[in-house]
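User: Please take a close look at a single part of this structure, starting with the backbone there. After that, set it beside the links between side chains elsewhere in the chain.

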Amino acid sequence: MTPKTAPPAARLLAALPLALALAACGVTRPPAIVQAPAPAQWRSPVPADALPHHGSTADLAQWWRRAGDPLLAELIEAAQAASPNVASAAARVTEARGARTQAGAALAPRLDGNLSATRSASPLGGTSTGSTTTTGTGSTSVPPATVLQATLQPSWEIDLFGGLRASRDAAIARLDAGEARWHDARIAVAAETANAYFAERACARQLAVAEADTRSRTETARLTGLSADAGFTAPADAALARASAADASGRLTQQRAQCRVLRHGMVALTGLPAEDLDRRLDAQSAITALPTPPAVDAVPAQTLSQRPDLFAAERAVAAASAEAGAAQAQRYPRLTLSGSVGRLQLRSQGFRASLDTWSVGPVALSVPLFDGGVSAANAESARARYDEAVVQYRASVRQAVREVEEALTNLDSTRQRAADADTAVRGYQANFDAAQSRYQTGLASLFELEDARRTLFAAQTARVSLQRESNEAWVALYRAVGGGWQRPDADGAATAPATTAGMSNATVTAPDAKAASTAIPTTTGATATPRP
């Protein structure tokens with residue numbers, strides 16, 4: 001401790017301007033913004049009626065409800081609340097937020113407090129017995145004394161070469177990427193739930209087709225059996241009718257089992273009670289209309305900027321760039337400044353004295369001289385991770401372009417095939433009705449009736465499969481264009497191109513209070529409601 005009456009440490013303070021000037025220097029980081037290949041325009045047809053839902057949770061629920069089935073939006077909400085992937089992504093966001101706070105705090109001075117109390121009767125270091133201290137020359141009576149001390153100890157690592165700033169920037173980028181992955185997890189769960197729901201609805205439609213086919217074949221078998229018993233029909237025709245009815249009954253049993261398996265999967269996905277889910281599904285119509293597809297801009301770069309996974313890949317590149325700079329800064333000198341200010345009080349048998357103390361320093365400059373190549377290896381490893389992040393980002397952009405193109409192509413294909421499938425069903429239905437009428441009047445054989453029935457069943461099955469394929473293409477397009485998510489640096493619209501990795505430290509929020517149950521937790525106890 002330095003007494004208050006001591007001269008100020010002017011020479012030590014005079015070194016601070018030089019330290020601050022050195023702090024303005026910084027290591028060179030790899031580029032945080034990289035180019036990624038994106039086509040100038042889509043090669044697949046873009047729906048002319050595609051409209052966005054502006055990225056809010058409320059609009060997203062309304063967007064799903066445009067299918068004319070509010071149960072779908074409720075199932076998606078339940079699945080997102082029960083999803084372990086969403087919960088894990090939210091935990092990663094909380095961890096990233098803590099890492100950001102720690103990295104930011106490293107740039108500021110640190111202040112520690114210390115309180116201590118000591119009572120002693122042996123100030124000379126001898127052996128104390130009661131109030132008597134024994135020294136090497138005999139016994140000396142020393143009164144006991146109490147020393148009370150309170151100090152504040154500030155310390156500060158001056159960021160000479162930008163290593164701490166780079167660590168802070170990396171933590172911010174990691175947080176942005178974590179929040180984007182949370183959104184991507186919710187979008188993935190929504191798409192998975194929608195696909196499961198549409199699959200169950202398609203199974204219900206196919207079950208209705210199978211039930212009608214089974215009833216028709218069973219009735220034909222009954223009538224043919226009566227006719228054979230009366231001697232008007234050959235026994236071979238009766239056997240064929242019974243075989244056809246048995247075949248239809250087996251398909252019906254298989255279809256029911258498939259629908260039950262799909263419902264079991266939905267129970268596991270949403271976490272809803274099986275009885276409640278069965279009741280609500282049974283109350284719904286198996287025919288579900290499709291809402292308007294999500295926004296697909298004419299410019300691929302603008303559309304791809306709506307994807308949270310690509311934004312996360314962008315921020316991963318920025319984080320790797322900053323981490324490479326931080327690793328490089330570890331190879332250069334480090335400057336730390338510390339000090340203390342406090343009060344010391346001495347009490348002994350009615351005597352009391354106080355002393356104010358302060359100190360500046362030490363100012364310590366640590367220069368790495370030899371570490372066996374550890375610092376260089378760490379810097380090289382950080383640069384390798386940066387190169388990996390760049391490659392992964394560019395690959396993610398290419399994969400995103402492929403997913404959008406495939407979804408657009410499949411959606412357009414199903415739309416064009418829908419009219420042909422409807423025409424085929426109507427034509428085969430008319431042919432079956434005519435064949436059945438001729439068979440009942442004896443003008444057609446059972447073979448002709450069964451052939452007409454088989455083609456009608458195949459056309460009805462193909463129509464149901466096409467409807468399911470259209471649903472899946474629509475959901476794939478919803479996910480491929482980002483599910484309505486918007487970049488946190490976008491002002492009302494996703495305008496930043498995906499070919500440029502934008503740098504943004506903003507968090508994602510939306511004014512929808514109804515989504516608080518799925519909001520990312522904040523460190524202050526409040527909730528930040530993000531866009532889905």
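Analyst: A residue is called exposed when its relative accessible area is over 50%, buried when it is under 20%, and partly exposed in between. The model is predicted, and the part taken up here is the hairpin of strands S7 and S8.

Gln-349 has a relative accessible area of 68%, and therefore counts as exposed. This residue sits in the loop between S7 and S8, a turn in which two residues separate the strands of the hairpin. The backbone of Gln-349 deserves a second look: its phi is near 50°, which is positive although the residue is not a glycine. Most residues other than glycine have a negative phi, and most peptide bonds are trans.

On either side of the turn, strand S7 covers residues 334-348 and strand S8 covers residues 351-366. The two strands run antiparallel, and 14 bridges join them. Within this pairing, Gly-342 faces Thr-357 of S8. Strand S8 also holds Pro-362. The peptide bond leading from Gly-361 into Pro-362 is cis, with omega near 10°. The hairpin thus carries a positive phi at Gln-349 in the turn and a cis peptide bond before Pro-362.

Away from the hairpin, the links are between side chains. One disulfide turns up in a search of the whole structure. Its partners are Cys-203 and Cys-259, with sulfur atoms 2.0 Å apart. Cys-203 belongs to helix H6 (residues 163-229) and Cys-259 to helix H7 (residues 235-270); the two cysteines are 56 residues apart, and the pair links distant parts of the chain. The angle about the S-S bond is -105°, and the link is left-handed. Cys-203 has a relative accessibility of 4% and is therefore buried; Cys-259, at 8%, is buried as well.

Charged pairs add further contacts. Side chains of opposite charge can pair when their charged atoms come close. The model has 34 salt bridges by the rule applied here. One of them brings together the side chains of Arg-217 and Glu-450, at 3.2 Å from N to O. Because Arg-217 is in helix H6 and Glu-450 in helix H12 (residues 446-480), this pair ties together parts that lie 233 residues apart in sequence. Arg-217 is buried at 7% relative accessibility, and Glu-450 is buried with a relative accessible area of 7%.

A salt bridge between Arg-454 and Asp-451 has an N to O distance of 3.0 Å. These two residues are three apart in helix H12, so about one helical turn separates them. Arg-454 is partly exposed at 48%, and Asp-451 is partly exposed at 39%. Elsewhere, salt bridges with shared partners join Glu-200, Arg-201, Arg-260, Arg-263, Asp-278 and Asp-282 into one network.

Another salt bridge pairs Asp-309 with Arg-307, at 2.7 Å from N to O. Here the two ends fall into separate classes: Arg-307 is buried at 5% relative accessibility, whereas Asp-309 is partly exposed at 24%.

Back at the hairpin, Gln-349 is exposed at 68%, while the cysteines of the disulfide, Cys-203 and Cys-259, are buried.

Conventions
Residues numbered from 1 in each chain as written. Predicted model: local features only at pLDDT ≥ 70, side-chain atom pairs only at ≥ 80, totals over all residues. Heavy atoms only, no water. Pairing = 2+ DSSP bridges. Helix = DSSP H or I, 4+ residues; strand = E, 2+ residues; numbered from the N terminus. Disulfide = S-S within 2.5 Å. Buried < 20%, exposed > 50% of the residue type's maximum accessible area, 1.4 Å probe, protein only. Salt bridge = Lys/Arg side-chain N within 4 Å of Asp/Glu carboxyl O.
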